[in-house]
Amino acid sequence: MIVKKVVMVLTNSSKIDEENETGLWLSEFAEPYVEFKKNGIEVKVVSPEGGKIPVDPTSLEDEQPNEWNEPIAKLENTEILESVHFEDYHGIFLPGGHGTMFDLPESDALKEALAHFAEHNKLIGAVCHGPAGFVGTKLSNGKWLVDGVSMTAFTNEEEQQTGLDSLMPFLLESKLREQGAQFEASQAWSDHVVEDGNFITGQNPQSSQSAAEAFVKALKK
């Protein structure tokens, strides 16, 4: 039996501006990580710069579930994305957090990885702000990665409700639409997952678990 392998790409960005800290949204990483491991999937945790991952303070709960201890420990020292041999992996998954809006679209290594996974019909998953990593990525034929793909992500409505919309480098829903995505928004803060071919995306933190379950199911096919 082949052991399935997934690489999870996390943000290194810790600040929106001097007043607002950001980083990874913890549940969007921990829930999928636990789901993947529970199903016998090997997980590598990486980031554009490697090293310790900043966690958005507003995503921390008073008490984290015990099963999150392992994923939380992984945040202490991630491998650098450039060191990954994409050929060895069956899927890539991008958790969110506002940090992703700042560094993931700037990562050439991530663009290269995503193009590889798309062009080799491998699974690509993301949740909430994770699809910010898709922005600006082109395939070898010059088409945008998301062109014609049905997907979801953190919506403009949800961003406006956070009050951080004016501080973002772009609005994620708008940018994905601009690059040709068939964007499907559901009610704000509702559990919403869209599957289209090898793409599996979740709208917000409420969708992390469902997106992970859909990803595992697709990986096992």
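A salt bridge here is a side-chain nitrogen of Lys or Arg within 4 Å of a carboxyl oxygen of Asp or Glu. By this rule the count comes to 8 salt bridges. The model is a predicted one: local features need pLDDT of at least 70, side-chain atom pairs count only at pLDDT 80 or more, and totals for chains, interfaces and linings use all residues. Residues are numbered from 1 along each chain as its sequence is written, and side-chain values use heavy atoms, with hydrogens and water left out.

## Overall build

The protein has 7 helices and 9 strands. Helices (H or I, at least four residues) and strands (E, at least two) are DSSP runs, numbered from the N terminus. The C-alpha trace spans about 50 × 40 × 30 Å along its principal axes. For 221 residues, a compact globule would have a radius of gyration near 17 Å; the protein has 16 Å, which agrees. That radius is taken over C-alpha atoms, and the globule rule is 2.2 Å times the number of residues to the power 0.38.

Buried residues make up 55% of the 221. Buried means under 20% relative accessible area, exposed over 50%, and partly exposed in between, with a 1.4 Å probe and protein chains only. Among contacts between residues at least 6 apart in sequence, 76% join residues at least 24 apart. A contact means heavy atoms within 4.5 Å.

## The sheet

An open sheet is formed by 7 strands, in the order S3-S2-S1-S4-S5-S9-S8, with mixed pairing. S3 (79-80) and S8 (193-196) stand at the edges, each with a single partner strand, so one side of each is left without a neighbour in the sheet. Two strands pair if DSSP finds at least two bridges between them.

S1 (residues 5-9) and S4 (residues 91-94) pair in the parallel sense over 3 bridges. Val 7 has Ile 92 of S4 as its bridge partner. S8 and S9 (residues 199-202) run antiparallel, joined by 4 bridges. There, Glu 195 has Ile 200 of S9 as its bridge partner. The hairpin of S8 and S9 has 2 residues between the strands, and Gly 197 takes a positive phi near 60°.

## Helix H4 and Thr 137

H4 (residues 108-119) lies across S1, S4 and S5 (123-127), running at about 135° to S4. Axes are lines fitted to C-alpha atoms, for helices over the stretch in contact, and angles run from 0 to 180 degrees between N-to-C directions. At 1.5 Å a residue, the 12 residues of H4 should span 16 Å; the end C-alpha atoms are 16 Å apart, which agrees. The expected span is 1.5 Å times one less than the number of residues.

Buried residues of H4 include Leu 110, Leu 114 and Phe 117. The helix's buried residues pack against S1, S4 and S5. After H4 comes Asn 121, with a positive phi near 50°.

What does Thr 137 touch, leaving aside its neighbours within four places in sequence? The contacts are Lys 111, Leu 114, Ala 115, Lys 143, Trp 144 and Leu 145. Lys 111, Leu 114 and Ala 115 are among the buried residues of H4. Thr 137 sits in the loop between S5 and S6 (150-151). Thr 137 is buried, at 0% relative accessible area.

## Salt bridges

Side chains of opposite charge can pair when their charged atoms come close. Three of the pairs are listed here.

| Pair | Closest N to O | Relative accessible area |
|---|---|---|
| Lys 5 and Glu 42 | 3.9 Å | Lys 5 26%, Glu 42 40% |
| Lys 38 and Glu 35 | 3.6 Å | Lys 38 60%, Glu 35 10% |
| Lys 175 and Glu 178 | 3.6 Å | Lys 175 24%, Glu 178 57% |

Lys 5 lies in S1 and Glu 42 in S2 (residues 42-47), so their salt bridge ties together parts that are 37 residues apart in sequence. Lys 5 is partly exposed. Glu 42 is partly exposed too.

Lys 38 and Glu 35 both lie in helix H1 (residues 26-38), 3 residues apart, about one turn of the helix. Lys 38 counts as exposed, whereas Glu 35 is buried. Lys 175 and Glu 178 both lie in helix H6 (residues 172-178), again 3 residues apart, about one turn. Here Lys 175 is partly exposed and Glu 178 is exposed. An α-helix has 3.6 residues a turn, so residues three or four places apart point the same way.
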